[in-house]
Amino acid sequence: MNLSWVLTTLVFSPLLGIVVLAFMPKTQEKAIKFVGFLATLPALALALAAYAHYLAGKKLSDFTIGHEWIQFRGMSGDAPIFSVYYELGLSGFQLLLVVLTAVVATLAAIAARYVKKEWKGYFMLFLLLEVGMLGVFTAENLILFFIFFEITLIPTFFLIGKWGYFEKEKAAYSFLIYNGLGSAVLLIVIMILFAKTGTTNIDLLTKIMADPSAPLSGDLKLGLLISLLIAFGVKLPIFPLHSWMLKVHVQAPPSVVMIHSGILLKIGAYGLIRFGMGIFPAQFETLATLIAILGVINLLYGAFLAFIQSDFKMVLAYSSISHMGIVLIGLAAMNEAGIQGAIFQVVSHGLISALLFFLVGVLYERTDTSLIENLGGIAKGMPIAAGFLLAGAMASLGLPGMSGFVSEFMAFLGLFKELPWLAAVGTIGIIMTAAYLLRAVLGMTFGKAHREFIGFVDLKGVEFVPVVVLTALIVLIGVYPSVLSSPLQATLETIMLGLGG
Amino acid sequence: MSFDQFQSLNWSIMTPEFIILAVIAILVIMDLFMPKHMDRKILGWIGIAAILAAMVSVFGMAGGHVESILHDTFRLDSFAIAFKLLILGGGALVLFLATSYKATDGLERYTGEFYYLLLSALLGAMVMTSSGDLITLYIGLELLSIPSYILAGIQKDRLNSNESAMKYVINGGISSAIALFGMSYVYGLTGSTNLLEIAGQLSMLMDGQQAYLLGLSFLMILVGLGFKLAAAPFHMWAPDVYQGAPTPVTAFLSVVSKTAGFVIVVRILLTVFGSAATNGPGSIPILLDMQNYLAVIAAATMIIGNVVALRQSDIKRMFAYSSIAHAGYLLVAVTTLTSNMFYSIWFYLLAYLFMNMGAFAVIQVVSEKTGSTKIADFAGLYRRSPWLAVTMGILLISLAGFPGTAGFIGKLNIFVGAFAGQPHYVLASVMIATTVVSYFYYFGVMTQIFFRPAPAASEGEGEGSKFNLPFGIVVVLIVAVVGSVLFGIMPNIALDFMHNNLDIVQDFFS
């Protein structure tokens, strides 16, 4: 059976929703929200079907698709100097991220029930954002990747700037400018690679770079890798390029933060692994110590600052920085355990932060605050929500049996093997993680109550869907990690091969 | 020249020019005999029809051989055809804007002139694309410039408009003089005004000392034409002129005049200085030797255009600086001199035509409604007219160069060119960094449109705050958005047309 239509349909299916929404009257709040939610389902169904396809033991390369698209020519009659193809494909790693994206997007569409105004515009942008994200993870060449990457910028800018909280415009701008600069650096890297090798296909580039007769000097490659590190470092974010991300996490509406923290930050990790490590393995090795140090700084900086925040959203924002440090630590280890840990952390943090930010949205909706102090004693009024909040926090601090543990454990296992001293310093971060999360969550659930929570409605109805689904996935990965590790096997082998050679 | 000789010339290659010329004559006569109070809009529609007819005839010429008449002063090559299409397309859209423009401040007395002066300027630009001789090139330039000076000041009763015309005529005159002085050196050295003949002679130039003279002439021509392009540091006139001129004229200056400016730059620099040897035959041409000067101008233009645009509170001034910045991007393509250069410039100008024309259409509608051109007037546009707001959003995204739009593909072409061959890392980095800077002001307008509430006064007007879009504006907006998106997603349409019909590189030097 020819399956090459699957990815195109998967990536562009949300557009259908945009078209339907365009013809709906803008006052029908319920119908718009329902259509917006429905529009995320085809992508989810196809993503899960692709996963089932993989589980059935069939090849993921069945999905690959390629067409000629943009060309650059010199004299007429000549063959094109450069061609850019429309190429989509899936590897195990990409498959996981696509499934993660589809799941979080659907759940975030549910979370978008809290949107108060202009639902139509909101969902149209939201669905466009989903197209961008799915495209980023399935693109098989750098230019296509870049295009989808930029497509995520515009809707996010508007979603933050229009539907966010008090300082939304400032947050939207700093998002746009930081990410714009990041993508500018990325574009330069892509264009240099393109001009030097004549291709932007990622697999081809990997092969060309592995060839010692490649038309690039070692210094240039190192320069390109450092540029990539900066470009994706903005996205991840790596200290000191993180300040925009704090603003976004605090100001953006909850469902956008679910997407942002759950998926968009992961584009940075994905880029570093797929392009940084994949295309420039030898140079990555040179920078490994630096990356490990950056990772430890991220981990500790995030953790220490999270400890003193009074706003729960800020705690989670710093916690994201801290957790992305673990991704860097895992990558810097340059061994199988480390890289696997990093990828696990990418997926696991995506689920956990989506869960926590959804709960923040639930609480904010009812109490109009996200300050830890004001939420003290919430367990009395909303026991179920408080319970899930605690579960999310436990997963985040790495309680065994949940996804956070597996990823942290493996990432540190990897680094202890290579750079034990640095890893030892890093473990302080793990302790701090437990400290700040427990301080914040316990302060909220069982802390001193400053107000009566009687009369507040606990989680109800459709709100259970995101919470239960995310918690279930977190536990599933925790107790049965091979849902992640088996699709990753092939990807890891390729990367290790690159590193070994 | 006897009459037989005169007749034997292949005049058919000038068909598009003749169409425009004839219609100008007809319009002048019609204007003369029409009753005083009759609506002159009909003249605009005739003008549009003429431009479309000329476009059809240009299309018909695509794919033919290079032909020239009148001692090679007028040549029809692929370069001419490609850029004539742009100029005519831009001219048609400007006329659509002009027919929907509310004539005030003295313009109401000259609506007839308004249309045929626009057409005369257009004719000048067309002659420039086709000229194979310094004299026709200069005549075309002046034929474009002089009606433009009048057009800028056609709103006689408005102070801004007068200021605009005054500044434009003085700066334009000086720059023409400087460029002409530079050209005189070239003529002095070669004794010819024919571009190809000059090129032939200069490539055999034996005396290295004379190359210095040519270098001087290169710089003078560059300065003179730099004024025309509004390249930094010769851009000072642009904001005042753009702000003061009536909106359709601003659109004309920013799109058609700019296209014509690049035509003349490419014609002169490439044919004359692209072949002039620096040090005896076979040595590197002056253009390559002087590449760094071009690069500095390109970088300065991008930086100044984009950075100063940040501080503007008037939308037309902002677009003036934005158009300076776009000239900078185009100069990058001129500087890098790859075989892809013609196509890059052409495509960028095509994309620029769509996005800028559309944006000016929106500006015209909004400023007519509010009576001023402040950026703050766009506040709440999304509430008042969602379609207009989304249209402007798409055009701004294209101007900022985001993927999915023609603006992105245009930048990509130039960008690839900067790395193909001799890589220009610094120039490319400046280009990309200033592009990010441009997000600030393009998105600043979007912030007003989408995030800010409409001012209370217009909210209260109820139905009155709605926009009614004249037919001409609707046409421009549809063409602009469809063009921006279509060429953003399927750029190969333009590429295939170019490569199947027009072989610019081949034609240009033969």
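Polar contacts between the two chains, then. In this predicted model, the rule finds 7 residue pairs in polar contact across the interface of chain A and chain B, counting pairs with both residues at pLDDT 80 or more. On the chain A side, three elements each supply at least two residues that touch chain B: strand 1 (65–72), helix 5 (142–163) and helix 6 (168–197). Helix 6 of chain A gives the most, with 14 residues. By residue class, the side of chain A that touches chain B divides into 25 nonpolar, 6 polar and 6 charged.

Now the salt bridges. The rule finds 2 across this interface. One salt bridge joins R452(B) to E169(A), with the closest N and O atoms 2.4 Å apart.

How much area is buried between chain A and chain B? About 3,700 Å², and carbon and sulfur atoms give 72% of that. The contact takes 37 residues from chain A and 37 residues from chain B.

Next, chain A by itself. Its secondary structure comes to 19 helices and 2 strands. The C-alpha trace spans about 75 × 60 × 45 Å along its principal axes. Is that the extent of a compact globule or not? Chain A has 501 residues, so a compact globule would have a radius of gyration near 23 Å; the value for chain A is 22 Å, which agrees.

Of those 501 residues, 65% count as buried. Taking the contacts in chain A with a separation of 6 or more, 79% are between residues 24 or more positions apart.

That is the interface and chain A.

Key:
Residues numbered from 1 in each chain as written. Chains lettered and ligands numbered in written order. Predicted model: local features only at pLDDT ≥ 70, side-chain atom pairs only at ≥ 80, totals over all residues. Heavy atoms only, no water. Contact = heavy atoms within 4.5 Å. Buried area = accessible area lost by both parts, 1.4 Å probe. Salt bridge = Lys/Arg side-chain N within 4 Å of Asp/Glu carboxyl O. Polar contact = N/O pair within 3.5 Å; in protein donor to acceptor, adjacent residues only side chain to side chain. Helix = DSSP H or I, 4+ residues; strand = E, 2+ residues; numbered from the N terminus. Nonpolar A, V, L, I, M, F, W, Y, C, P; charged D, E, K, R; others polar. Rg over C-alpha atoms; globule rule 2.2 N^0.38 Å. Buried < 20%, exposed > 50% of the residue type's maximum accessible area, 1.4 Å probe, protein only.
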